[in-house]
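Work through the exercises below with the model open. Try each task before reading its solution.

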Amino acid sequence: MLAEEYDFVIGGDPDRDTIDLAILDTVTGGVHAHLAESADGAGYARILAWARRHAPGRRIWALEGTGSFAAGLSDVLAQAGEHITEVGSLKRARGAKNDRFDAIRAARSALAREHQSSPRARGLREAIRALTATREGILVSRTKAINELKSLIVAAPEHLRATLRGLSLTKQLTRIEAATTTTTASVEHRVTVLTLQSITARIRFLTGQLDDIDPELGRLLRQHPAGPTLLAQPGVGPVVAARLLLSWSHPERVRNEAAFRLTRRRCSTRGQ
């Protein structure tokens, strides 16, 4: 419990441009100080100075959104040797959002918990996360483009459709790229060829991005302490290994059987 190890807990409720913080006494739960500051480098320096002034001694920061809006502050605090615990998304009462109260609630939420969660590791893990998220976005866009192409082929004039019927996607793309038209062709023919070639170019571009990202993802995974072992398992490639590492995220994530089952379920869902 935090009250046994720290004198103060500093709750933080971050937004995109600002962050509200509240210092609570871990014994009484009383609020010692409150601060609303800008979420930037200069603001982080002022926040740290304010905390040292109003919460001397043993203190811990209870921050919501350490992987998003509070990521910058979390990095600065970690580099300064401060202790940080991650507070999950808090349920809020109906009505207007009150950042000051939310900062206090973040601190009290951490005080009430038996197990604390460390912020997710950045550095290599964040690089893997960013690359994996980008890859998934590209894959969604590529799948959408392929579906558009298939739908357009189905509705194309028969003399165009006949040249593409029964071919693999790779052969369809090559044939579409080689297609030509003339000024005397019908408007439907010319526009259909133009549209098919436009979608084909999009598919080629997105495929090229995947070809660039996949080797980089493999290199990042091999740098991770657990990466080579995961990649050596049957059926585990770079994408599956990345999902496993991102789902696990930090030692406290799998503290018991229930947490392990939740992590496994989330990983399985993301893999679908």
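**Exercise 1: Strand β1 and its partners**

The model is predicted. In it, β1 and β2 form a hairpin with three residues between them.

Task: Determine in which sense β1 pairs with β2 and with β4.

Solution.
- Step 1. Take β2, residues 18-25. β1 pairs with β2 in the antiparallel sense, over seven bridges.
- Step 2. Check the register: Gly-12 stands opposite Leu-21 in β2.
- Step 3. Turn to β4, residues 59-64. Here the pairing with β1 is parallel, over five bridges.
- Step 4. Check the register again: Phe-8 has Arg-59 of β4 as its bridge partner.

**Exercise 2: Burial of β1**

Task: Are the faces of β1 buried or exposed?

Solution.
- Step 1. Count along the strand, residues 8-14: seven of its seven residues are buried.
- Step 2. Split the strand by side. Phe-8, Ile-10, Gly-12 and Pro-14 lie on one side. Val-9, Gly-11 and Asp-13 lie on the other.
- Step 3. Both faces are covered.

**Exercise 3: Helices α7 and α8**

Task: Classify the crossing of α7 and α8, then describe the contact.

Solution.
- Step 1. Take α7 (residues 169-178) and α8 (residues 187-223). Their axes come within 9 Å and cross at roughly 130°.
- Step 2. That angle makes α7 oblique to α8.
- Step 3. The crossing is left-handed.
- Step 4. List the contact residues. α7 contributes Thr-170, Leu-173, Thr-174, Ile-176 and Glu-177. α8 contributes Leu-196, Gln-197, Thr-200, Ile-203 and Arg-204.
- Step 5. Sort the residues of this contact: four are nonpolar, four polar and two charged.

How values were computed:
Residues are numbered from 1 along each chain as its sequence is written. This is a predicted model: local features need pLDDT of at least 70, side-chain atom pairs count only at pLDDT 80 or more; totals for chains, interfaces and linings use all residues. Side-chain values use heavy atoms; hydrogens and water are left out. Axes are lines fitted to C-alpha atoms, for helices over the stretch in contact, and angles run from 0 to 180 degrees between N-to-C directions. Helices (H or I, at least four residues) and strands (E, at least two) are DSSP runs, numbered from the N terminus. Angles under 35 degrees count as roughly parallel, over 145 as roughly antiparallel, 65 to 115 as roughly perpendicular and the rest as oblique. A crossing is left-handed if the near helix is turned anticlockwise from the far one by less than a right angle, and right-handed if clockwise. Contact means heavy atoms within 4.5 Å. Ala, Val, Leu, Ile, Met, Phe, Trp, Tyr, Cys and Pro count as nonpolar, Asp, Glu, Lys and Arg as charged, and the others, Gly among them, as polar. Buried means under 20% relative accessible area, exposed over 50%, partly exposed in between (1.4 Å probe, protein chains only). Two strands pair if DSSP finds at least two bridges between them.
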